[in-house]
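Me: I have some questions about how the terms for this structure are justified. Please set each value against its rule.

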Amino acid sequence: MTQEPAIQTEKLRKEFGKHVAVRGLTLQVERGEVFGFLGPNGAGKTTSIKMLLGLVKPTSGEAKLLGRPLRDESARAHVGFLPEHFRFHDWLSAAEFLRLHGQLYHMDNVRLQTRIPELLELVSLTPFRDQQLRTFSKGMLQRIGLAQALLNDPSIVFLDEPTSGLDPVGRRLVRDIIRQLRSQGTTVFLNSHLLSEVEITCDRVAFIKHGEVVRVSAVSALIDGETTVTIHAHGFTPEILQKLAQWGRDVRADGENIVMSVHEEEALPAINRCLVEEHVDVYSIVPQRLSLEDLFIQVVGTDGGL
Amino acid sequence: MNTILVIARLTFREAVRRKIVLAVMLLGGVFLLLYGVGFFMIQQSYQGEVMGVTAMRAQYRQQANYFLLLAGMYVINFLAIASGALISADSLAGEIQSGIIQATVTKPIRRSGVVLGKWLGQAFLLFLYLLLMGGGVVIIVRVFGNVIAPNWLGGIALIYLNSLIVMTLTLALSSSFSTLATGGAVFGAYGVAFLGGWVERIGTLVQDTTATNLGIFSSLLLPTEAVWSKASTMMSSPLLNLLGVNPFSAASEPSILMMVYAVLYLLLLLGIAVRRFGQRDL
């Protein structure tokens, strides 16, 4: 396969009547990366995914999936998809369900015979292979749905809220699977509300608001960018505060605390040394990393994007 | 494996697993049992003197049995049409609403394969249904009444065509509208066609051209009554057809052209179903 980007969109737009669901999505996702798609409810995340998968026809704009236009269903042979609120023919057993979807991927029986047990094992559902899906718990359904998305060894997997409804063990399982996919070079497009999850698993994230990409950034860059440090200390003076400014910015006194932003945590020992030399009593130095959640609020605001 | 066949098999298996097939076959069996017992009892009552003359009695008996055969087929026609609507009303609309369809159509398949597969699976179910019901009535009438309908195979085939027409109409509507709206529209259309058939029959009897034309118009809208009329004339005795007075038969036999129209109508609906489902957002 060519090494064109996994996803490439240009001003992808969707209107439902007068309502604009996605205003103009311009995005590029490289092969092999785990890409987080973040935004408030109603920001157009699910509609965007649906357009990429051919479920919803874009009103305007261009997009390519694995280098092929969206109309070309053959690209979907290399795509896996776990829809949000995954529902299926619940009268099928777990193994029958995987067989059905394997057949829809045009996989032959020989391959399915090895692939189905592999996947059941991967999502820890081997003991339930002959049990009807209607007897499954929400977490089990989500896991069999995930197995379905991986049947064809996809080049790209779309996961729409994959951990919703999962208990901590299930969430860990999904996280491990995403890691495994990355190590195999599979592109993962992750739509999730659980920012802590995204923070752990994703290489890059896009923030969406009102159906537009507001910001795209590497997760490491986002999180390493700024660290707020709170120093609990007695006996500091404004002159000392000025001196601290050489290691960071926004230095200010907050009661018995000094609060400042530093670029690198390596500055902390130097700051400590300086304070001790100036005979300031230091009780604690606490760096507070800016979480993805803080960043999310900062980027998309608190209005919920509506 | 071909997408159409995969989906057709799925549709069939779903009907079996959800015990829809079982329920329909059981009810069908109950109908056949009642019909068979009734038919048998009537044969018994023939033993008594009815018309006095023995030769006349045999003739009368045969015509009455033809009449009873048509009565059975009339009910089967209605049941087949209702089954056609019922098995397909929820098939697309239900899966769209529940979201089941999303994991299916995002596979490397054409959406037309999903529609055609569902159609094929449902057509097979209806085929089995008519095999049981139509075959049952034909056997009962043959065994107990010693009567074979002139063209029973052609008649049952036309009843099958009727159930396919309604099933396809339902599928076409179900690709755009909700299950409930689809069901309402289909039964409304069937009601119009049914009434139109009667208006045409009465119009022909009293020689009112307006009424006859109204009936023909309703047949164009949904040709199920015309197809049934053709089926019933094929299955009734020449004498009954000559008299033209039985309530199950048309005053005049619909033309072959009308049957061609019915088949084209079905194909057009199938085309609409494929097209609508292919274009809509899911």
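The questions below take a sheet in chain A and then the fold of chain B.

Reply: Go ahead; keep in mind that this is a predicted model.

Me: What makes β12 and β13 of chain A a pair?

Reply: The rule asks for at least two bridges between two strands. β12(A) and β13(A), residues 257-262, have five, in the antiparallel sense. They therefore pair. One bridge joins A:R249 to its partner A:S261 in β13(A).

Me: Why are β12 and β14 of chain A called edge strands?

Reply: The open sheet has four strands in the order β12-β13-β11-β14 (chain A), with antiparallel pairing. β12 (248-254) and β14 (281-289) of chain A each pair on one side only. From one strand to the next, the twist averages 20°.

Me: Which helix lies across β11, β12, β13 and β14 of chain A?

Reply: Helix α9 of chain A, residues 267-277. Its direction is at about 160° to β14(A).

Me: How many helices and strands does chain B have?

Reply: Twelve helices and zero strands.

Me: How do you know whether the radius of gyration of chain B agrees with a compact globule?

Reply: The rule is 2.2 Å times the number of residues to the power 0.38. For 282 residues it gives a value near 19 Å. Chain B has 21 Å, so the two agree. Along the principal axes, the C-alpha trace of chain B spans about 75 × 45 × 30 Å.

Me: What share of chain B counts as buried?

Reply: 44% of its 282 residues. To count, a residue needs 20 or more other C-beta atoms within 10 Å of its own.

Technical notes. Residues are numbered from 1 along each chain as its sequence is written. Chains are lettered from A and ligands numbered from 1 in the order in which they are written. This is a predicted model: local features need pLDDT of at least 70, side-chain atom pairs count only at pLDDT 80 or more; totals for chains, interfaces and linings use all residues. Helices (H or I, at least four residues) and strands (E, at least two) are DSSP runs, numbered from the N terminus. Axes are lines fitted to C-alpha atoms, for helices over the stretch in contact, and angles run from 0 to 180 degrees between N-to-C directions. Two residues are in contact if their C-beta atoms, placed from the backbone, lie within 7 Å. A residue is buried if 20 or more other C-beta atoms lie within 10 Å of its own, exposed if 12 or fewer, and partly exposed in between; C-beta atoms are placed from the backbone.
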